[in-house]
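Subject: Structure handover

Hello,

I am passing this structure on to you. Please look it over first; my notes on what was found follow below it.

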Amino acid sequence: MENVLKPSPSESHLLQKFYNYSLSLKELGTIENLEAYRTWSAAFLLHMMHLKAYEFAKPLCQGKALLEIGCNTGYGVSELATSAQRIVAVDSNEHAIQIASTKYGRLNIRYETVDALSLPFPSSSFDIVICFQVIEHVQESNITVFLSEIGRVLKKEAIAIFSTPNRRLRLYPFQKPVNPEHMREYTARALLQTLRSAFDIVEISGLRGEPWIEEIERKRVNKSLWHAAIKRPLKGILQFLFPANAFSEMKGLYGRFFGTSSDILGYRPDQQQDFAQVVERFSMNALWFDRRNLDSSIYFLATARNGKN
């Protein structure tokens, strides 16, 4: 039996949601060390930040037909099952859809493996489409088709909601996304321009948190000139020059010289906080959306209406 923290009476149900999510990531193969991940404060807070978007969407889904594009393992859309009348949740990852169906199955949710560039639904099928932490995964050459498909399946005057990381928090102007699965990360202005190419009315807010939360997130994304200009480019060169097995053997030496390595979600053992203290201190009210000072946001939340079909 795995040695993980057990929720205490003083810890909220949010910790159990994080544990369930971490199990899904382990099954999906996104993380290797489940025990370490489950006691990493930044991962817990990141999950809460992602859940905040679903909290925002929940009242807008009341009695509506909902489509989620990029549902991953279903952890978020399951939060909306008590609000929406009918939900279709899609993802291009078949394994993720299998996990979602098993762990987050609900009578009013249908999970499907779907290509978002060719949605298999009739026009004007949904009252609301949500697309959280997905647009950054779309190739720029496919953005027009991607947004057009969302606009096509939306009913007249329906709403689409997007969330995506704030590039300015994570990257320097010359940097490409650190996450290899991110094709493009957006500034507030770039996101506004992109969404206005397909929708008439676009409004953008930014996720903010109490200062201690934002500080942990800044450490997680680890924006620094050393990493941007030297460490990551050199790591890429080494990976290019040496076979995968040889590079794996070099990781110990690399870690001693450059510091601990990180996985795709940014896990770094040397950045752990007092996990129990963070969980006790946190509440969903410590996060909020604000239209002011967007460049300082953790991520953006955009609502878009009146798609131009």
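A salt bridge here is a side-chain nitrogen of Lys or Arg within 4 Å of a carboxyl oxygen of Asp or Glu. By that rule the structure, which is a predicted model, holds 15 salt bridges.

One of them joins glutamate 27 and lysine 103, with 3.7 Å between the closest N and O atoms. The pair links distant parts of the chain: glutamate 27 is in helix H1 (residues 13–28) and lysine 103 in helix H4 (residues 94–103), 76 residues apart. Glutamate 27 counts as partly exposed at 41% relative accessibility, and lysine 103 as partly exposed at 36%.

Another is formed by lysine 155 and aspartate 127, whose closest N and O atoms are 3.2 Å apart. Lysine 155 lies in strand S5 and aspartate 127 in strand S4, so this pair ties together parts that are 28 residues apart in sequence. Lysine 155 is partly exposed, at 33% relative accessibility.

Glutamate 217 and arginine 220 also form a salt bridge, with the closest N and O atoms 2.9 Å apart. Both lie in helix H8 (residues 211–221), three residues apart, about one turn of the helix. Both are buried. In addition, a network of salt bridges links Arg208, Glu214, Glu215 and Arg218.

Now the overall picture. The protein has 11 helices and eight strands. Of its 309 residues, 52% count as buried. Its accessible surface comes to about 15100 Å², and carbon and sulfur atoms account for 51% of that. Among contacts between residues at least 6 apart in sequence, 73% join residues at least 24 apart.

Helix H5 (143–153) shows how burial looks in one element. Its buried residues are Ile143, Phe146, Leu147, Glu149, Ile150, Gly151 and Val153. Their cover includes strand S1 (65–69), S4, strand S5 (154–165), helix H7 (188–196) and strand S6 (199–209).

Next, the aromatic residues. There are 15 aromatic pairs in the structure. In one of these, the rings of tyrosine 54 and phenylalanine 132 have centres 4.8 Å apart and planes at 90°, so the pair is edge-to-face. This pair, too, links distant parts of the chain, with tyrosine 54 in helix H3 (residues 41–57) and phenylalanine 132 in strand S4, 78 residues apart. Tyrosine 54 is buried at a relative accessible area of 3%, and phenylalanine 132 is buried at 5%. Phenylalanine 121 and phenylalanine 126 make an edge-to-face pair as well, 5.4 Å centre to centre with 85° between the planes; both are buried.

Phe18, Tyr19, Tyr37, Trp40, Phe44, Phe275 and Phe282 form one aromatic cluster. Over the face of tyrosine 19 lies arginine 38, at 4.6 Å from the ring centre.

Two backbone points may be worth a look. Most residues other than glycine have a negative phi. Glutamine 133, however, has a positive phi near 55°. Glutamine 133 sits in the loop between strand S4 (126–132) and helix H5, and is buried because its relative accessible area of 17% is under 20%. Asparagine 293 likewise has a positive phi, of about 50°, and lies in the loop between strand S7 (287–290) and strand S8 (299–307).

Last, the cysteines. How many disulfides does a search of the whole structure find? The number is zero. Cysteine 61 is buried, with a relative accessible area of 0%, and cysteine 131 counts as buried at 0% relative accessibility.

Regards

Technical notes. Residues are numbered from 1 along each chain as its sequence is written. This is a predicted model: local features need pLDDT of at least 70, side-chain atom pairs count only at pLDDT 80 or more; totals for chains, interfaces and linings use all residues. Side-chain values use heavy atoms; hydrogens and water are left out. Helices (H or I, at least four residues) and strands (E, at least two) are DSSP runs, numbered from the N terminus. Buried means under 20% relative accessible area, exposed over 50%, partly exposed in between (1.4 Å probe, protein chains only). Contact means heavy atoms within 4.5 Å. Accessible areas come from the Shrake-Rupley method with a 1.4 Å probe; for residues, only the protein chains shown count as cover. A disulfide is a pair of cysteine sulfur atoms within 2.5 Å. Rings of Phe, Tyr and Trp (its six-membered ring) pair if their centres lie within 6.5 Å; planes under 30 degrees apart count as stacked, over 60 as edge-to-face and the rest as tilted. A charge sits over a ring if NZ of Lys or CZ of Arg is within 6 Å of the ring centre and within 35 degrees of the ring normal.
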